[in-house]
Each structure stands twice: as structure tokens, then as C-alpha cells.
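Me: Hi! I have a structure open and would like to talk it through with someone. Can we start with the DNA?

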Amino acid sequence: MNTSPLSATEVAGFQAHVYRYFSLHGRSLPWRFSSNPWHIFVSEIMLQQTQVSRVAEKYPPFIEAFPTPQALAQSPFPQVLALWNGLGYNRRARFLHSAAQQIHTLHHDSVPSTTSDLMALSGIGAATAAAIRAYAFNLPEIFIETNIRAVYIYHFFPQNDAVDDCQLLPYLRQTLDKTAPARWYNALMDYGVLLKRTLKNPAKRSKHHSIQSTFAGSDRELRGKVIRILLQKDKQPKDELIKAITDDPARGERIIQSLIKDKILSSEAEILFLSTG
DNA sequence: CTCCTGCTCA
DNA sequence: TGAGCGGGAG
């Protein structure tokens with residue numbers, strides 16, 4: 001097991017390389033100006049599988065509306081969804097709403113800092129928990145996401161294909177700037193964005209890379225349409241709503257049921273409305 | 001066409 | 001382990 005693949009000189013050189021780019025071209029993003037763990041928590045949920053440019057637009061009004069876990073926890077879900085709409089993966093709004101209620105009731109409105117407490121919250125997996133610990137609490141965590149993959153695959157596995165995250169971990173552990181984890185990950189991800197923009201996405205050589213199914217004509221396109229309709233209409237008879245999104249009643253029914261299963265929709269006597277939370 | 005600071009559930 | 005989940009910029 002090669003736990004320390006790099007020399008001290010190589011580590012210092014790599015860190016300097018990443019920080020040099022960061023100091024010249026680092027992005028100034030809304031959530032980076034905050035040290036409020038809740039605000040950083042919200043940004044991490046929004047950023048799951050979602051471009052920074054999109055989150056940068058939606059984040060400020062969302063934080064203004066829900067500045068504390070309590071504010072979000074006590075708001076009706078449709079109001080949350082209204083400010084979330086456009087970010088995509090709307091069930092994350094449900095997860096975030098639930099997480100806020102958990103933080104409010106279980107942790108007295110302060111975002112927990114332990115990995116187990118974070119992962120017990122809705123919508124928080126290993127990667128997001130570690131990212132929150134690094135960004136909100138400046139703890140020396142190790143986590144991998146697509147930009148980080150691009151950096152480490154490009155620098156340390158230039159010839160390899162189907163690189164497993166396990167192979168990257170020793171390099172991440174050794175190169176992590178433990179004196180400033182939050183700043184380090186900011187620098188790392190900004191540098192990764194550069195590599196992906198200029199080098200045809202080195203992260204494609206990750207074992208964990210997968211092609212997404214097309215969005216046009218997909219079920220999740222129709223799910224999004226349902227939500228936008230109900231944000232306008234308040235409530236709708238089920239059969240009318242199904243007809244509004246598709247000519248295939250069975251498919252429409254399946255879409256509705258999946259939204260109910262995700263607790264985004266509720267129904268009473270064939271009337272559909274956004275779940276109230 | 002691609003993929004985006006992943007997670008949940010089967 | 002894999003399928004499913006938004007929506008749009010490039």
C-alpha cells in the first residue's frame with residue numbers, strides 16, 4: 001500500500017502550483033464571503049451536481065429568505081420550492097427543508113460539525129458531509145468530487161484510464177493543506193474548473209464517470225413541468241394535470257406517483273398540490 | 001451533443 | 001452496484 005507516493009518537495013510544488021492559479025484567477029463566489037455554517041450548508045446542497053454559475057444566481061435570494069435553519073424549517077414547502085425552482089433536482093429542496101427541521105429540533109439551530117451528525121441529515125452523503133466540515137468548520141477533511149478528480153487524475157495519473165477514487169486518496173491526503181483546508185479546497189476546485197475547460201475534462205478518465213441519460217423527453221423533464229404548474233396553480237385535479245404534461249395517462253400517473261413518493265407532491269381525493277412539509 | 005462541488009433507494 | 005433525479009449553458 002503506497003500511502004505516501006510523493007516527496008515533500010513534490011507536495012510543496014503541487015500546492016504552490018494550485019495556489020498560484022488561485023491567487024491569479026480564483027473565483028469570488030457569494031458563499032465564500034460567509035463564515036456562517038448554515039449559509040455554507042445551503043450552498044453545498046445547491047452545488048450537488050449543479051453548476052456554480054446557476055447556484056450563484058439562486059443562492060442570494062434563498063439565503064435572504066431563509067437566513068437560519070429555523071426560518072427554513074418553519075416555512076411552507078411550496079415557498080421553499082419557489083425559490084429553489086431553476087436549480088434542478090427538486091427533491092434536494094425537500095431534503096434541505098427536512099434537514100433544516102432536523103437541525104432546528106435536534107441541534108438547536110446550529111449546523112452539527114461531526115461526520116455522523118451531518119450524514120444523519122436528509123440529503124447529506126459522505127462527500128457533502130466532508131465538504132461542509134472543510135468549508136464551514138475549516139477541518140482537514142478528505143473528499144472527492146468532479147473538479148478534484150480532474151486535478152489529481154491530470155497531475156498524477158496522466159496515462160491511466162478508469163482511475164478509481166481509491167487511487168487518488170493517498171495523493172489527496174498528502175497534498176491537503178491542513179493549515180487552511182477551506183482555502184485549499186477553494187483553490188483546488190477553481191483549478192479543476194480550469195483544467196476541465198482547457199483539457200477536455202480529465203475527470204472522464206475516472207472509473208466513476210458515467211454518461212447521463214438525455215433530458216429532453218425524459219420523466220424528469222415532466223416532473224419539473226408538474227412542479228412549475230403547481231407553483232402557478234396552487235392545486236389541480238389529477239387527471240387535468242396529467243393531461244397538461246403528457247398524452248400518455250399511464251406515464252403521467254407514474255410521474256405523479258414518483259413525485260408523491262419523494263414527498264414533493266401530496267394528493268387528497270384526486271386533487272394534487274405541492275406538499276406542505 | 002456534453003456535464004454540472006452527489007444522493008437515495010432498490 | 002445501478003437507476004433515477006433538473007435544467008440549461010457551452
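Reply: Happy to! One definition to start: a residue is near a strand if one of its heavy atoms lies within 4 Å of it. Keep in mind too that this is a predicted model.

Me: Got it. Which residues come nearest to DNA strand C?
Reply: There are 17 residues around DNA strand C, and Arg54, Tyr89, Arg91, Arg223 and Gly224 come nearest. Of the strand C atoms that come within 4 Å of the protein, 47% are sugar and phosphate.

Me: Which helix gives the most to the surface near strand C?
Reply: That is α12, covering residues 219-233, which gives five residues.

Me: And what's the mix of classes on that surface?
Reply: The surface near DNA strand C has eight polar, six charged and three nonpolar residues.

Me: Can we zoom in on atoms? What does Thr50 have 2.9 Å from it?
Reply: A base nitrogen of DNA strand C, and the Thr50 atom in that pair is a polar side-chain atom. Gln49 also has a base nitrogen of strand C, at 3.1 Å, but here the protein atom is a backbone N or O.

Me: What about Arg54, which part of strand C is 2.6 Å from it?
Reply: A sugar or linking oxygen of strand C lies 2.6 Å from a polar side-chain atom of Arg54.

Me: OK, switching to the other strand. How many residues surround DNA strand B?
Reply: DNA strand B is surrounded by 27 residues, and the closest are Gln49, Gln51, Val52, Lys204 and Gln212. Sugar or phosphate makes up 64% of the strand B atoms within 4 Å of the protein, and bases make up the rest.

Me: Which part of strand B does Arg91 have at 3.0 Å?
Reply: A base oxygen, lying 3.0 Å from a polar side-chain atom of Arg91. For phosphate oxygens of strand B, look at two other residues. Gly123 has a polar backbone atom 3.2 Å from one, and His209 has a polar side-chain atom 3.0 Å from one.

Me: Which elements give two or more residues to the surface near strand B?
Reply: Those are α6 (91-106), α8 (126-137), α9 (146-156) and α11 (181-198). The biggest giver is α8, with three residues.

Me: And the classes there?
Reply: Near DNA strand B you'll find 12 polar, nine nonpolar and six charged residues.

Me: Let's change topic to helix packing. How do people describe two packed helices?
Reply: With the angle between their axes and the distance between the axes.

Me: Nice. So how do α13 and α14 pack?
Reply: Helix α13 (residues 238-245) packs against helix α14 (residues 249-261) at an angle of about 110°, and their axes are 9 Å apart. Angles of 65 to 115 degrees count as roughly perpendicular, so α13 is roughly perpendicular to α14.

Me: Is the crossing of α13 and α14 left-handed or right-handed?
Reply: The crossing of α13 and α14 is right-handed. On the α13 side the contact uses Lys238, Leu241, Ile242 and Ile245, while α14 brings Pro249, Gly252, Glu253, Ile255, Ile256 and Gln257. By class, that makes six nonpolar, two polar and two charged residues.

Me: What angle do α12 and α14 make?
Reply: About 70°, with axes 10 Å apart. That makes α12 roughly perpendicular to α14. Asp219, Leu222, Arg223, Val226 and Ile227 of α12 make the contact with several α14 residues, among them Arg251, Arg254 and Ile255. Sorted by class, the contact of α12 with α14 has six nonpolar, four charged and one polar residue.

Me: One more pair: how do α1 and α11 pack?
Reply: Their angle is about 80°, and the axes are 9 Å apart. α1 and α11 are therefore roughly perpendicular to each other. The residues that meet include Phe14, Tyr19 and Phe22 in α1 and Trp184, Leu188 and Tyr191 in α11. This contact has 10 nonpolar, three polar and three charged residues.

Me: Last thing, where is Ser34?
Reply: Ser34 is in the loop between α1 (8-25) and α2 (37-46). Its side chain reaches the backbone nitrogen of Asn36 at 3.0 Å. Leaving aside neighbours within four places in sequence, Ser34 is in contact with His39 and Ile40.

Me: How many Å separate the C-alpha atoms of Ser34 and Leu272?
Reply: They are separated by 39 Å, and the two residues are 238 residues apart along the chain.

Definitions and conventions
Residues are numbered from 1 along each chain as its sequence is written. Chains are lettered from A and ligands numbered from 1 in the order in which they are written. Side-chain values use heavy atoms; hydrogens and water are left out. Helices (H or I, at least four residues) and strands (E, at least two) are DSSP runs, numbered from the N terminus. Contact means heavy atoms within 4.5 Å. A polar contact is a pair of N or O atoms within 3.5 Å; within protein, one must be able to donate a hydrogen and the other to accept it, and residues adjacent in sequence count only if both atoms are side-chain atoms. Ala, Val, Leu, Ile, Met, Phe, Trp, Tyr, Cys and Pro count as nonpolar, Asp, Glu, Lys and Arg as charged, and the others, Gly among them, as polar. Axes are lines fitted to C-alpha atoms, for helices over the stretch in contact, and angles run from 0 to 180 degrees between N-to-C directions. Angles under 35 degrees count as roughly parallel, over 145 as roughly antiparallel, 65 to 115 as roughly perpendicular and the rest as oblique. A crossing is left-handed if the near helix is turned anticlockwise from the far one by less than a right angle, and right-handed if clockwise.
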